[in-house]
Amino acid sequence: MEALGWIVLVTAIAGIGGTGIGGIVGAVLKTNSKKIVSLLLSFAGGVMLSVVCFDLLTEAVKPNGTDVDPISLAVAIAVTLGGYGIVYLLNYIIDKRTSHATHKVEGEHPSTADDIDELIHSDHYVEHKKSNKGMFVAGLIMACAIALHNVPEGMVIGAAYVGEAEWLAASGLSLAITIGLHNIPEGMAVSVPLISGGMKPLNAVLIAAASGLPTVIGAIIGFLIGSVGPMGLTVALAFASGAMLYVVFGELLPESILMWRSKAPAFAVLVGILVGMLIVFI
């Protein structure tokens, strides 16, 4: 119970805290520093990639801490693909739903919804003031979509703590921090449309923070599945790895490049990978 309480606390900080900070940034600035956000996302992606490849997947194929078990290896590969595919499908459905419901300003939006400007409308904010209702609905839909999206992310943190004797384990904390960074733009994507739609900033920030609550639920699920036994640990870690690999390659890196088309995000990824290696092996 002590372990589960610690996991809930860490995940709440990452999920609720990350989207809450993003909500505050969106409420205060209404615009964004795309270069800073780009570097943060790239760095987080690098750290997450190291932790998944050098820690989670390694533990998944060796759940007993011995030599690689062929059965565990086969299960880990299959479940990793499944985790990647499920999160991809979930994001595809969310993108379809939010794209139709979000009010558009003709000629102002980029063709992809991965651009941060598409999410918070910072480059044509005034234009949206003419259609507050559409922005308000878009903000609510975005909050629901992000809440659903945060469940598998929480499973990653919960699974990372399974079998750890020390609850200050670096891998679990590092994943919580990177997921928290990843949640900042998501919080902005919730608060800015709600505020432009007429909601009070404080209420918009609270809704943005609440959208991170399902991260805690996902962490509890991941921890409980991984605690069943060696095969449960393999399944939990492999699913979490697949989910995070999609987050890295399907969200973090594309978003960072769209925000800042330069070589800097690639360098930030490299730094993140090296920092992740230090976290895992030291």
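Which residues are buried in helix α8 (residues 201-210)? In this predicted model, they are A204, V205, A208 and A209. Around the helix axis, these four cover an arc of only 135 degrees, so they lie on the same side of α8. The other side of α8 carries exposed residues, L202 and L206. Helix α8 thus has a buried side with A204, V205, A208 and A209, and another side where L202 and L206 are exposed.

Helix α8 belongs to a protein chain with eleven helices and zero strands. Read from the N terminus, the order of elements is α-α-α-α-α-α-α-α-α-α-α. The chain has 282 residues, and 52% of them count as buried. Its exposed area is about 12400 Å². Carbon and sulfur atoms supply 72% of that area. Contacts were also sorted by separation in sequence. Among those between residues at least 6 apart, 82% join residues at least 24 apart.

Aromatic rings were examined next. The whole structure holds four aromatic pairs. One of them joins Y84 and Y246. The two ring centres are 5.4 Å apart and the planes meet at 80 degrees. An angle over 60 degrees counts as edge-to-face, so the Y84 and Y246 pair falls in that class. This pair links distant parts of the chain. Y84 sits in helix α3 (residues 70-101), whereas Y246 sits in helix α10 (residues 230-259). The two tyrosines are 162 residues apart.

How exposed or buried is Y84? Its relative accessibility is 33%, so Y84 counts as partly exposed. Y246 has a relative accessibility of 9% and therefore counts as buried. The cut-off for buried is under 20%.

A further aromatic pair is formed by Y88 and Y92. Their rings lie 6.4 Å centre to centre, with 25 degrees between the planes. The pair is stacked, because planes under 30 degrees apart count as such. Both residues belong to helix α3. Y88 and Y92 are four residues apart there, so about one helical turn separates them. At 44% relative accessibility, Y88 is partly exposed. Y92 is also partly exposed, with a value of 41%.

These tyrosines do not stand as isolated pairs. Ring pairs link Y84, Y88, Y92 and Y246 into a cluster. Within this cluster, Y246 counts as buried, while Y84, Y88 and Y92 count as partly exposed.

Technical notes:
Residues are numbered from 1 along each chain as its sequence is written. This is a predicted model: local features need pLDDT of at least 70, side-chain atom pairs count only at pLDDT 80 or more; totals for chains, interfaces and linings use all residues. Side-chain values use heavy atoms; hydrogens and water are left out. Buried means under 20% relative accessible area, exposed over 50%, partly exposed in between (1.4 Å probe, protein chains only). Contact means heavy atoms within 4.5 Å. Accessible areas come from the Shrake-Rupley method with a 1.4 Å probe; for residues, only the protein chains shown count as cover. The arc is that of the directions from the helix axis to the C-beta atoms. Rings of Phe, Tyr and Trp (its six-membered ring) pair if their centres lie within 6.5 Å; planes under 30 degrees apart count as stacked, over 60 as edge-to-face and the rest as tilted.
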